[in-house]
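The following questions and answers introduce a structure to a reader who has not met it before. Please keep the sequence and the model in view while reading.

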Number of protein chains: 2
Amino acid sequence: MSSAATAEASRVSSARPGERPKGEGRVRVVVENVVPHVDGGRFPAKRSVGEIVRVEADAFTDGHDKIGVAVRHRGEGGPWQEADMSPLVNDRWAGEFEVYAVGWHELSVVAWVDHFATWRNDLQKRVAAGQNVAVDLLIGAELVEEAAKGADGEVGRSLWGFAAFLRSELRAEAVEVALGGSLQALMRRYGPRKYTTELEAPVRVWVDRTRARFSSWYELFPRSASPEPGRHGTLRDVEERLASIAAMGFDVLYLPPVHPIGRAFRKGRNNSPVAAPGDAGSPWAIGGPEGGHDAVHPELGTVEDFARLVRAANDRGIEIAMDLAFQCSPDHPYVREHPEWFRHRPDGTIQYAENPPKKYQDIYPFDFECAQWEALWNELLRVTLFWHGQGVRIFRVDNPHTKPFPFWEWLIAEVKRRDPGVLFLAEAFTRPKVMYRLAKLGFTQSYTYFAWRNDPWSIRQYYTELTTPPAADFFRPNAWPNTPDILPEHLQHGGRAAFVARAVLAATLCANWGVYGPAFELMESRPAKAGSEEYQDSEKYQLRAWDIGRRDSLGDLLARLNEVRRGNVALQHDRGLRFHNVDNPSIVCYSKAQGENVILVAVNTDPHHTQWGTIDLDLAALGVRAGQAFQLHDLLTDARYRWEGNRAVVGLDPGTSPAHVFRVRPHDRTESDFEYFL
Amino acid sequence: MSSAATAEASRVSSARPGERPKGEGRVRVVVENVVPHVDGGRFPAKRSVGEIVRVEADAFTDGHDKIGVAVRHRGEGGPWQEADMSPLVNDRWAGEFEVYAVGWHELSVVAWVDHFATWRNDLQKRVAAGQNVAVDLLIGAELVEEAAKGADGEVGRSLWGFAAFLRSELRAEAVEVALGGSLQALMRRYGPRKYTTELEAPVRVWVDRTRARFSSWYELFPRSASPEPGRHGTLRDVEERLASIAAMGFDVLYLPPVHPIGRAFRKGRNNSPVAAPGDAGSPWAIGGPEGGHDAVHPELGTVEDFARLVRAANDRGIEIAMDLAFQCSPDHPYVREHPEWFRHRPDGTIQYAENPPKKYQDIYPFDFECAQWEALWNELLRVTLFWHGQGVRIFRVDNPHTKPFPFWEWLIAEVKRRDPGVLFLAEAFTRPKVMYRLAKLGFTQSYTYFAWRNDPWSIRQYYTELTTPPAADFFRPNAWPNTPDILPEHLQHGGRAAFVARAVLAATLCANWGVYGPAFELMESRPAKAGSEEYQDSEKYQLRAWDIGRRDSLGDLLARLNEVRRGNVALQHDRGLRFHNVDNPSIVCYSKAQGENVILVAVNTDPHHTQWGTIDLDLAALGVRAGQAFQLHDLLTDARYRWEGNRAVVGLDPGTSPAHVFRVRPHDRTESDFEYFL
């Protein structure tokens, strides 16, 4: 931008509402309703490296004058850059830019009255009406000269030249030049911007690394990782499992808490209130004589073993995600060393976790309202940074909605300040506004209601909400078909077909997904009792011997799904998600598109019956022009089909393939070998 | 509120997003998404005297604790008052208060963790589960004692007493007291509020006088007010018309500009570019040798005549609304005295109004970008205050969207600062966001798209948008079936039935309405030419001789409609508007309710054919219980009908009565004489 286009920037008023805006009364353009913008600027918007940030705003001025609008943006410490914004409809403007660096980014919207564009537009109408435009050309010359005064070198000379031409007697030629593209381009770039409107404060955008947006999680319990049945697994055993996890294509390995487990009130198998001798207890009942949150369960290994596991995983392209469960067993060292961090009952005992009338006597929650809350916060930050120091850059946080919001906002900010690449996953299965608040205040990703959304209508409604503003600007869903706490009914009764369908759904609907294995790929489907979502013989309370080499394991499917995800950038974003209407309420159909990469998915959510349906394809969402043929390449079976038009009949047999995952290619880009499908 | 309930208020952070909230980390409650709130606080919300301000907010905390939420509010300089807020659903809370005084009002939302309510709720569950609650009672005693410490006199003694009881051995009785209403009420009022969340800044609400919300406008051209055909009307003649206008029930009399009219380029009859000798010209081409914006057209009278008219009108309960048209004819004194306020073309002439290729050479717009913009603003304010000094407290502003927004925001604020009871009506028939911006920045009322909404579906869609948040919090619609610029097609071709239907619609849909008369009640329907919305022989360009005593005048209908409006408070608000489904797309049905006053309207929008339809009445909106009979009293015909159930068949014959305006009374409140309708 040359010096000609200096913006006489004028800030939107910070006066109290209803009072005269201070400063420059000639600032005529209004800018409103900027997106992205989270809670009026209270929270930053979220993006990740490699994403396009699309900015929209309402912009208009009084009268008929044309305006110019641009988005200004910069990385932290970087120079302001600018991208044009173009009008959509109804005074809404849009522009975009790409973000490349992790950390803070700022954006603002600037707008100004474009007198040259106004003049040019008016001139066109006058000429078309056959009016005498002699004086209008002189007005145009004045505008061009004003720009020329602020321009140097060749640009300045060009502008002076144009202005002179507009003043000449060669009326028809002057009109042609006046309306020509060269002068328009020059004036767009070098025309002065007077009395610019700008946002009172820039919009802050926090840009995460790519893995925040695109990650494939595998959860396993180290206690069961031993190849010898009955022997407590170790972190070394987990190292041995890395190869198979990498082969399945996962890039995040999430471990439940690896700390010592309390003995007082230890839970027994199947959540029995009393543990039998030798029962392992729950990894979330943290702390014992062996140590607390900065120690490793002696049966798992040592802190050094953990650090070694992290390095070994990294060597295979896998990150270890650690569980932050900020609560204590009654045996935790904190209970003895910092009784002030817990609530004390009048009978002298410490308040255990409760959801009356239920009691969880193996857990003492922290009392975040205690007088020494600052010391508590600092200690929990110290713990987090300790594990970060061991190489952990992803934290899955247990039940964050049971700890204060300001605590998380502070802790996450403190960690990201030291390492902007750290990611936090919120495990908060709770009310929607609470879940959204946690995302706003800093959680990178969030578990969702996915596990309980298995009918096409609610999948569509929910995922539309999650992938469009406002939620899409601060909430990143991570879809899990199962977790150690959640064995949904459809997996209990649906058999293999249900597991396949749910895996396809999670892996394609959501750029972040995860499974709790090997329970998932071995299709563990037994609930603790009828009507419960708890697993029978839950690994939370005992060791499990998993036959991971079982022939019918869904491991190959998981591998293929992750391979498809890695090979198709459309599945690495959530923003391009579109649903397509199907006339069968058991079938859900959606597509994702990024540039030329287009994926179309159809899933039969009924695990018991073949379902047929006609899809009304949104061809525009697929990048297909009307009348253009296209290829559907089924990435799960490798079958290819040629198709044309917007009506596609699908038949999905749960016994063979309850889902299609198609790559869509318009015909002039497909390979030569294809087969017809009717 | 006793001293016990001192709020240790803690402001929501003003830190930059993503940084640690400063101050008190124990503030656990989140308050979000407060309504009303206009553009994040950039503009005040609007209410009027006599309105209930309903405040909603999302509020929640971590974990399971109960919270308390209240709305605090105060008038300017007044003490803070508080009203409880109650939970709706999904973490949304609502409360309300009434506003009584014109001017600034503030509101805030406060929220805190209610430990006693939490404890009480938990106790209920434990007792129901048959658990031993000995320790829980002691915890409760501690909570009550904490409150007692901060309470004086009887309250303090009561609380100490309750606490002691909770500590006693009388377990069952203690439980009864613990769960009893007395203790609950005391603790709700005197329980301590620790670590309170409050909005970072209060929400400002501008409260107008009642007329802002409820007004009935009549527009006439003084030039045609003379009873002698051909003689130019005077302000004295207008005085003589006051009785008939008051008889029709109008309380605002709006006059087009009363200033001298320019001679240069004066428009002739029917917008002819050249005036014939004696042609009156357009009142909006303001200014001549006789003066400008602070003068009165000599043929109308003098400034003293104007002030007299204002007083005479006030004596009849009518306010004069003046037209502020900030533009000049070429003859305006400003052109000679302040050439710097206009844009000059290179040929030395002054830039006239244009919308290329159209030229309006009888109008010079101000150049609000001129260097002396501040002097221009000050002069226009001086003019406005001059007329305010003559008694004008309502201004209808001509085309405000062609002058800068910051100018209006400033001028309106300056006037309201001197007199908070001044009202401004924006005549901006333009794009929706521009219209909304003008309302936000201070216009009290706004013309709408009403004139072009004559089919039930679009009436419903548009008026739902206008009467619900966000628009309802800053935009007050004023519905005009016709204006001097707008003779809609349906009035050109629909005959009397169309005029009747449109009057009923405007007068009942909208608490503010207006008509351009006598063109309306005399059903003037001739357009300037086919397809135009301009009047033939428009009063804008000539005198008209109106036969206001004509027997078929709709004056009686207007009088009855205004009488119904005055007698039914539901029609004096827009917030209670609800639409009812009708199975005939030509019929629109809606109700308005305020307390026990309920009005139900059905209008046939087809002026040519009788239309029958079945209405699916929303009985709850009508204040009728299921199974309860109710009376429908037609306020236009005085017929009464007894009805039951939600299905009502209506037949509307445009020839006799294209509309019903019913007062709805549930049966146990009706008078004894009624007749059955089947």
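**Strands, rings and cysteines**

Q: Which residue stands opposite A:Arg47 in β11(A)?
A: The model discussed here is a predicted one. In it, β3(A) and strand β11 (residues 203-208) of chain A pair in the parallel sense over four bridges. Opposite A:Arg47 in β11(A) stands A:Val207.

Q: Which residue points the one way from strand β3 of chain A together with A:Arg47?
A: Strand β3 of chain A covers residues 45-48, and its four named residues are buried. A:Lys46 and A:Ser48 point the other way. The residue that shares its direction with A:Arg47 is A:Ala45.

Q: Which are the edge strands of the open sheet of eight strands in chain B?
A: The order of this sheet is β22-β21-β20-β19-β14-β13-β12-β23, with parallel pairing. An edge strand here pairs on one side only. The edge strands are β22 (477-478) and β23 (512-516) of chain B.

Q: Which residue of β21(B) stands opposite B:Ala426?
A: Strand β20 (residues 423-427) and strand β21 (residues 445-447) of chain B pair in the parallel sense over two bridges. In β21(B), the residue opposite B:Ala426 is B:Ser446.

Q: How many residues apart are B:Trp217 and B:Trp480?
A: A search of the whole structure finds 80 aromatic pairs over all chains. B:Trp217 and B:Trp480 form one that is edge-to-face, at 6.1 Å centre to centre and with 70 degrees between the planes. B:Trp217 lies in strand β12 (residues 215-219) of chain B and B:Trp480 in the loop between β22 and α14 (489-493) of chain B, so the pair links distant parts of the chain. Both residues are buried, and their separation along the chain is 263 residues.

Q: Why is the pair of B:Trp377 and B:Trp410 tilted?
A: B:Trp377 is in helix α10 (residues 373-389) of chain B, and B:Trp410 is in helix α11 (residues 405-418) of chain B. Planes under 30 degrees apart would count as stacked and those over 60 as edge-to-face. The ring centres are 5.2 Å apart, and the pair is tilted because its planes stand at 40 degrees.

Q: Is B:Trp377 buried or exposed?
A: Buried means under 20% relative accessible area. B:Trp377 has 2% relative accessibility, and therefore counts as buried.

Q: At what distance from the ring centre of A:Trp104 does A:Arg204 lie?
A: Elsewhere, in chain B, the charged end of B:Lys440 sits over the ring of B:Phe474, 5.3 Å from its centre. A:Arg204 lies over the face of A:Trp104, and its distance from the ring centre is 3.8 Å.

Q: At about what angle to β4(B) does helix α12 of chain A run?
A: Four strands of chain B form an open antiparallel sheet in the order β2-β4-β8-β7. Within it, β2(B) and strand β4 (residues 52-60) pair over four bridges, and B:Val31 has B:Ala59 as its bridge partner in β4(B). Helix α12 (residues 432-441) of chain A lies across β2, β4 and β8 (92-98) of chain B, and its angle to β4(B) is about 70 degrees.

Q: How far away from A:Cys510 is the nearest cysteine sulfur?
A: The structure holds zero disulfides over all chains. A disulfide needs two cysteine sulfur atoms within 2.5 Å. A:Cys510 is buried at 0% relative accessibility, and the nearest cysteine sulfur, that of A:Cys589, lies at 18 Å.

Conventions. Residues are numbered from 1 along each chain as its sequence is written. Chains are lettered from A and ligands numbered from 1 in the order in which they are written. This is a predicted model: local features need pLDDT of at least 70, side-chain atom pairs count only at pLDDT 80 or more; totals for chains, interfaces and linings use all residues. Side-chain values use heavy atoms; hydrogens and water are left out. Buried means under 20% relative accessible area, exposed over 50%, partly exposed in between (1.4 Å probe, protein chains only). Two strands pair if DSSP finds at least two bridges between them. Rings of Phe, Tyr and Trp (its six-membered ring) pair if their centres lie within 6.5 Å; planes under 30 degrees apart count as stacked, over 60 as edge-to-face and the rest as tilted. A charge sits over a ring if NZ of Lys or CZ of Arg is within 6 Å of the ring centre and within 35 degrees of the ring normal. Contact means heavy atoms within 4.5 Å. Axes are lines fitted to C-alpha atoms, for helices over the stretch in contact, and angles run from 0 to 180 degrees between N-to-C directions.
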